[in-house]
Structure formats: structure tokens, C-alpha cells
Amino acid sequence: MKKLVKNGTIVTATDTYFGDILIDDGVIVMIGVELEAQGAEVIDAAGCYVFPGGIDPHTHLDMPFGGTVTIDDFESGTRAAAFGGTTTVIDFCLTSKGAPLQSAVKTWHDKSRGKACIDYSFHLMVAELNDDVLFELPQIIDEEGITSLKVFMAYKNVFQADDDTLYKTLLLAKEQGALVMVHAENGDVIDYLINKALADGKTDPIYHALTRPAVLEGEATGRACNLTELADSQLYVVHVTCAEAAWKIEEARKKGLRIYGETCPQYLLLDVSVLNLPNFEGAKYVWSPPLREKWNQDVLWDLLKNGMLQTIGSDQCSFNFNGQKDLGIHDFSKIPNGGPTIEDRFSLLYSEGVAKGRISLNRFADIIATSSAKLFGLFPQKGTVAIGSDADLVIFDPYAERTISASSHHMKVDYNAFEGMKVTGEPVSVLVRGEYVIRDKQFVGTPGYGHYLPRKRFNQPERLPLKEKSLGGVSG
Ligand code: URP
Ligand code: ZN
Ligand code: ZN
């Protein structure tokens with residue numbers, strides 16, 4: 001059935017205008033003023049913005065980590081994402097050394113199939129680059145449309161890969177048209193600092209931050225940028241937290257390198273002081289890299305505003321405070337790393353970014369959706385409001401006010417890192433491929449509705465421009 005979104009203010013990465021959107025068969029087929037369509041269901045968006053559905057480029061749903069498994073899976077995680085205005089997530093498919101990549105991808109399909117309420121895709125972790133992986137990777141890029149490869153430079157003895165692997169992955173990515181993603185921290189030195197802290201009897205959550213200083217994120221980010229330059233490849237640095245790292249990305253971009261950066265709401269809005277909260281509450285704020293000193297937030301906001309950082313990911317990696325985070329009650333290094341932000345990513349960026357005048361509406365649309373679609377091979381199917389694009393739309397009331405709380409959020413996790421924070425603006429209705437998933441703030445979606453999205457290769461043009469035929473004229 002056709003739907004007609006009427007009287008909204010359409011916002012894309014480039015434009016803000018008053019208009020109507022006609023949807024047929026899940027796709028936007030017409031945009032105009034005072035459109036009429038016989039038999040179409042009319043959605044009144046008066047007084048609302050109509051944004052492209054958010055794309056969250058960084059989630060860990062149903063992921064084993066730190067001796068446990070993230071509490072939000074593809075069902076609860078994507079339902080919560082939809083409430084928050086996100087219509088596509090790209091999740092990290094973990095691999096293990098020695099095991100076929102294809103079996104890891106199958107595991108991730110099994111976790112998500114029949115559960116996801118919104119569309120989704122996968123990045124693939126690269127732990128080693130031996131002959132088997134070299135043989136399998138091009139096939140996976142081709143057949144699964146997984147065109148982004150993740151290398152961890154930290155989590156020694158768990159996920160960490162060496163520089164040889166990172167460099168070879170960059171070379172392969174260049175050849176295959178993939179984007180390499182890095183978790184950039186110096187895992188070897190962090191491992192030394194953790195062991196030293198524990199030997200000195202320092203076990204509280206704050207030592208998580210103190211053993212992962214910003215200089216080690218800056219060092220790893222700079223190293224990854226240098227290797228990318230040497231390989232003439234492309235790099236996306238996930239969860240940038242601090243000036244030391246962000247400035248490395250800025251420096252590389254100013255040289256003209258294909259290097260991109262993502263930050264997360266937690267690094268823009270929370271600071272390291274919360275790790276000192278009493279009664280082990282600091283464990284709720286254990287992310288890697290850790291929260292930083294407050295002054296870093298201004299640097300991140302500035303670089304987001306001026307385009308030196310391109311995206312915002314939730315890094316959704318939720319563990320209950322009771323029964324999961326408390327694995328580390330006597331040893332900070334055993335606190336599962338990560339937190340829940342999938343639901344509030346969109347609202348936090350709008351409220352703290354647009355409503356507080358830090359970024360424009362169009363920059364918001366770019367950061368929340370368009371940039372990720374372009375970097376990860378989903379544009380223009382996703383990430384914009386345009387004729388021919390999927391009708392992934394967020395009808396957003398910019399005047400609504402709410403207070404974030406675990407008592408009202410839709411994630412399974414038992415706390416919210418932004419508990420008590422007041423935000424301005426809220427998604428009212430959310431459509432994925434033209435179907436309501438959220439209607440008037442109620443969930444009306446279906447687990448399993450979400451499609452797996454194979455993605456295009458990095459920077460692959462939609463179609464080569466046609467060579468102009470000779471226009472005739474005098475020859476000879
Ligand atoms: O603490 C975090 N960020 N947990 C998720 C895993 C990762 O490093 O992204
Ligand atoms: Zn990471
Ligand atoms: Zn992550």
C-alpha cells in the first residue's frame with residue numbers, strides 16, 4: 001500500500017525543505033509540495049522533521065565478550081534502536097584464529113535471522129591473515145557484500161592482531177575495495193599497565209581508565225594512519241575518544257589520506273570522573289577506550305562539526321550491572337567492556353548537538369545517517385531522503401522533552417549510562433522500507449522483518465558516467 005508523508009520538514013545532509021513524500025512498495029517514489037495520491041495512507045508530519053533513518057555503524061549484539069554475552073541481542077537491540085530512530089545497524093561479526101571465516105559469518109546470520117526488526121549488515125573481524133584467510137576473504141567480500149574489515153589493535157590475547165596483520169589487511173582492502181576499521185589502542189603496553197596495577201592491589205573501576213591512557217590511543221591511531229598511508233589504502237577509526245587520537249586523524253586527512261573517524265555519544269557527553277562513583281557504580285561506565293577528561297569533548301564536537309570526524313556509532317555492547325559487570329567487582333580487568341547507547345544515540349546527538357547549537361540540522365543528518373551509508377556502501381539505498389531510496393524515515397518531534405531512564409528504555413540491559421539526562425526531541429514514528437516499526441511512539445514492528453544488507457565496495461561509483469558521443473561537426 002502507498003503511504004504519503006505530508007507537511008513535514010524534510011532534512012537531508014544537504015537540504016532542509018517543506019515537502020511531502022510518496023512511498024510505494026517500500027521506496028520513495030515522489031517528493032513534492034501538496035502531493036495527492038488516491039488510496040495512499042496519509043501520515044501527518046506537520047510540526048515534525050522528517051530525517052533519513054539513522055544508521056548505526058557500530059554495534060555488538062549477542063556478542064560473546066569478557067566471559068559473558070551482551071545482554072541485548074538482535075531482537076531487543078534492533079527494537080530499541082528503532083524506538084530511537086535507527087533503521088539500520090552494522091554489527092561486528094567476530095572471527096577466531098584458525099576457524100573458517102564463513103562459519104563466523106554463518107553464526108552471525110543465525111543470530112540475526114528472524115530476530116532483527118530493522119535492516120542490518122555485518123563488518124568482519126580479521127584476527128590473522130594467513131593463506132586460508134587470504135583465499136576466503138575476497139569470496140566473502142564478493143558473496144556476502146561484507147566490505148568492511150575490523151582489526152583490533154588492543155585486547156591482548158583476546159582479539160588483538162599484530163601490525164603485520166593490520167598492514168596486510170590494508171593492502172588486501174585496497175585491492176578488494178574494502179574499508180579497514182581499527183580499534184586503536186596500544187594493547188601491548190595496556191596489558192603491561194593492567195598487570196602492574198593489579199600487582200599493586202589497584203582493583204577499582206577507575207584503574208580501567210588509568211591503565212589505558214589517551215597517549216596509547218593517540219599512538220595506535222597514528223600508527224594505523226601511517227600504515228594506511230604506506231599501503232595507499234583506506235581506514236576508519238572506531239570510537240575515537242580523545243584529542244590525541246582525533247588530531248592524528250585530522251592531520252592525516254589534511255594530507256589528503258582516505259582516513260575517517262567515528263566517535264560515540266558517551267565520549268561527547270560523559271567524562272572519566274564517573275568511573276570513581278561509589279559502590280562499584282563506576283563499572284557501568286567501563287568502555288574501551290575509556291572515558292576521558294572533559295576537555296576532550298570540545299575537541300570531538302569541533303571535529304564532528306567541521307567534518308574531520310564523520311560518524312557517530314553507539315558501540316552498543318550492553319552488559320547488565322547485576323550479574324555481568326559485577327564479574328569484575330574484585331578486579332577491574334574482568335569488568336566486561338561496553339555499554340548501552342543504541343537507543344539514545346540519535347536523540348542525544350540531536351539534543352546535545354542541534355538543539356544546543358553545536359551542529360547544524362544538515363550536519364546532524366549527515367553524521368547520524370548519510371556518512372555511514374556512503375562509507376559503508378549503502379548509499380543511496382540508505383542514508384538519505386531521495387527518490388529511489390528505501391523509505392527509511394524518522395518523523396521527529398523537535399519539541400518533545402523526555403528524561404532518559406532504564407525504567408522507560410526498551411533495551412534489556414538493567415541500567416542506562418545517561419540515566420536522568422533530559423533530552424529535547426523524540427522520534428514519533430519510524431518507517432523501515434515504508435512500513436511502520438514505531439507508530440506514535442509504540443512498537444508495531446516484527447522481529448524478522450529486518451533484511452540483511454549486502455554492501456557495495458568502498459567508494460564504488462554507482463555506474464561509470466557514459467562517455468559522451470561525438471556531437472558531430474567537422475572531421476578530418
Ligand atoms: O568497550 C567497548 N568498546 N566494548 C565493545 C568492544 C569494542 O572494543 O568495541
Ligand atoms: Zn573497540
Ligand atoms: Zn565496539
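These are my notebook entries on a predicted model, taken in the order in which I looked things up.

**Entry: the ligand and its surroundings**

I began with ligand 1 and asked which residues stand around it. They are H58, H60, F65, Y155, H183, H239, W287, S288, D315, C317, N337 and G338. Sorted by class, this shell holds four nonpolar residues, seven polar residues and one charged residue.

I then looked for polar contacts, and I noted three side chains with an N or O atom close enough to list. For H60, the distance from a side-chain N or O atom to an oxygen atom of ligand 1 is 3.1 Å. For Y155, an N or O atom in the side chain is 2.6 Å from an oxygen atom of the ligand. For D315, the partner is a nitrogen atom of ligand 1, and the distance to an N or O atom of the side chain is 2.6 Å. I next checked how much of the ligand the protein covers, and the figure is 100% of the 260 Å² of accessible area that ligand 1 has on its own.

Where does ligand 1 sit with respect to the cavities? I found that the space it takes is the largest cavity.

**Entry: D62 and its salt bridge**

I turned next to D62, which I placed in the loop between β6 and β7. Its backbone caught my attention, since D62 has a positive phi of about 50 degrees although it is not a glycine. As a reminder to myself, most residues other than glycine have a negative phi.

The side chain of D62 meets that of K111 in a salt bridge, with an N to O distance of 3.8 Å. Why did I write this pair down? D62 belongs to the loop between β6 (54–59) and β7 (64–65) while K111 belongs to helix α2 (residues 101–112), so the salt bridge ties together parts that lie 49 residues apart in sequence. For the structure as a whole, I recorded a count of 32 salt bridges.

**Entry: cis peptide bonds**

Finally I looked at the peptide bonds, keeping in mind that most peptide bonds are trans. The bond from S288 to P289 is cis, with omega near -10 degrees, and P289 is found in the loop between α9 (265–269) and α10 (295–305). I noted that S288 is also one of the residues around ligand 1. Another cis peptide bond joins F379 and P380, where omega is about 5 degrees, and I located P380 in the loop between α12 (361–375) and β16 (393–403).

Notes: Residues numbered from 1 in each chain as written. Chains lettered and ligands numbered in written order. Predicted model: local features only at pLDDT ≥ 70, side-chain atom pairs only at ≥ 80, totals over all residues. Heavy atoms only, no water. Near = heavy atom within 4 Å. Polar contact = N/O pair within 3.5 Å; in protein donor to acceptor, adjacent residues only side chain to side chain. Areas by Shrake-Rupley, 256 points an atom, 1.4 Å probe, with all protein chains shown as cover. 1 Å grid on protein atoms, 1.4 Å probe; cavity = no way out; pocket = protein on both sides within 12 Å on 5 of 7 lines; lining within 4 Å. Sits in = over half its atoms within 2 Å of the grid points. Nonpolar A, V, L, I, M, F, W, Y, C, P; charged D, E, K, R; others polar. Salt bridge = Lys/Arg side-chain N within 4 Å of Asp/Glu carboxyl O. Helix = DSSP H or I, 4+ residues; strand = E, 2+ residues; numbered from the N terminus.
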